[in-house]
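Work through the exercises below with the sequence and the structure side by side, and try each task before you read its solution.

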Amino acid sequence: MVGTLVNTATVLIGSSLGCLLNRNFPEKYKLVFFQAIGLFNIVLGVKMGLEIQSSLIFLVFALVLGGFTGEWIDLDKRTQSLGDILKSRFKLKNERFTEGFVTAFLLFCMGSMAIVGSIEEGFGKTSDLLLTKAMMDLFSSFMLASALGVGVVFSSLAVLVFQGGITLLVMLFGKEIPDVYVAGVTSVGGIMLIGLGISLIGLKNIKVINLLPALIYICLFIFFSQYFNF
């Protein structure tokens, strides 16, 4: 888990520096950053979304059912509540704490580098992908924290749990994960990044966090399609 630990550290360091230098960073540059990172996420999301190796109908159903499930259990609101609890417990006054936490989590964890890199590390192949991502996240976390505050610092814990969790699951149970599953999860993650990009550039506020169950649904659809050969 070297890659995940280094990635967690770079997010922690970058976001901490961003918080410290927040007042000295002009608003106009923060706006440019969000526009640039939002557009980048849309392009990256399209690229990832096209990696699907199974039927596109599975992708559609996974997103729809995932969105329905997320709305039903209200993941977005529960995440907001978690952010409020952390904010209250640590007596933080940052008004954008939860926004920073959720945005950073999606940005750092929903990309193909996070998912594929964690799987590769779980197989004991290499940590290169996560180490490269760690360097990229160092700069991104700095910029994000300078705009959204201390919530980004706490996202380092989400990086540790999410990427570390994938790595541990692969180490314990994933003797060999077929590429079709990785491609499916990557495609769903890509579409979530498109939603995040749209929110970042201010076109529409999309509750991307409610789509998280789609990651499970796409794996189930792929499994049943292969098991029943349809």
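The exercises that follow concern a predicted model, and each one is solved step by step.

**Exercise 1. Decide how far helix H5 is enclosed by the rest of the structure, and check its length.**

Step 1. Helix H5 covers residues 97–109, and at 1.5 Å a residue its 13 residues should span 18 Å. The C-alpha atoms at its two ends are 18 Å apart, which agrees with that expectation.

Step 2. Next, look for the buried residues, where buried means under 20% relative accessible area. In H5 they are Phe97, Thr98, Gly100, Phe101, Val102, Thr103, Ala104, Phe105, Leu106, Leu107, Phe108 and Cys109.

Step 3. Because 12 of the 13 residues of H5 are buried, the helix is largely enclosed by the rest of the structure.

**Exercise 2. Find what surrounds Thr98 and Phe108, two of the buried residues of H5.**

Step 1. Thr98 has a relative accessible area of 6%, so it counts as buried. Leaving out residues up to four places away in sequence, Thr98 touches Thr79, Gln80, Gly83 and Asp84.

Step 2. Phe108, with its neighbours within four places in sequence left aside, is in contact with Val11, Ala114, Lys133, Asp137, Ser140, Ser141, Leu144, Val152, Ser155, Val159 and Gln163.

Step 3. Phe108 also belongs to the largest nonpolar core, which has 52 residues, and the members that touch the most others are Leu106, Phe108, Met110, Leu144, Val188 and Ile218. In soluble globular proteins, nonpolar side chains tend to be buried together.

**Exercise 3. Describe how helices H9 and H10 meet.**

Step 1. The axes of H9 (residues 179–200) and H10 (residues 214–227) come within 9 Å and cross at roughly 145°, and the crossing is right-handed.

Step 2. On the side of H9 the contact is made by Val180, Tyr181, Gly184, Val185, Val188 and Gly189, while H10 contributes Ala214, Leu215, Ile218, Cys219, Ile222, Phe223 and Gln226.

Step 3. Sorted by character, the residues of this contact divide into 10 nonpolar, three polar and no charged.

Step 4. For H9 itself, 22 residues at 1.5 Å a residue should span 32 Å, and the end C-alpha atoms are 31 Å apart, which agrees. Since 17 of its 22 residues are buried, H9 is largely enclosed by the rest of the structure. After H9 comes Gly202, whose phi is positive, near 85°.

**Exercise 4. Establish whether Asn7 and Asn41 are buried or exposed, and list what they touch.**

Step 1. Asn7 is found in helix H1, residues 2–20, and because its relative accessible area is 0%, Asn7 is buried. Not counting residues up to four places away in sequence, Asn7 touches Leu130, Lys133, Ala134, Asp137, Val159 and Gln163.

Step 2. Asn41 lies in helix H2, residues 27–49, and is likewise buried, with a relative accessible area of 2%. With residues up to four places away again left out, Asn41 touches Leu107, Leu193, Ile194, Leu196, Gly197 and Leu200.

**Exercise 5. State where Asp74 is found and what its phi is.**

Step 1. Asp74 is found in the loop between helix H3 (56–73) and helix H4 (75–89).

Step 2. Although Asp74 is not a glycine, its phi is positive, about 55°.

Step 3. Its relative accessible area of 25% makes Asp74 partly exposed.

Technical notes
Residues numbered from 1 in each chain as written. Predicted model: local features only at pLDDT ≥ 70, side-chain atom pairs only at ≥ 80, totals over all residues. Heavy atoms only, no water. Core = buried A, V, L, I, M, F, W, Y, C linked by side-chain atoms within 4.5 Å. Buried < 20%, exposed > 50% of the residue type's maximum accessible area, 1.4 Å probe, protein only. Contact = heavy atoms within 4.5 Å. Helix = DSSP H or I, 4+ residues; strand = E, 2+ residues; numbered from the N terminus. Axes fitted to C-alpha atoms, helices over the stretch in contact; angles between N-to-C directions. Left-handed = near helix turned anticlockwise from the far one by under 90°. Nonpolar A, V, L, I, M, F, W, Y, C, P; charged D, E, K, R; others polar. Expected span 1.5 Å × (residues − 1).
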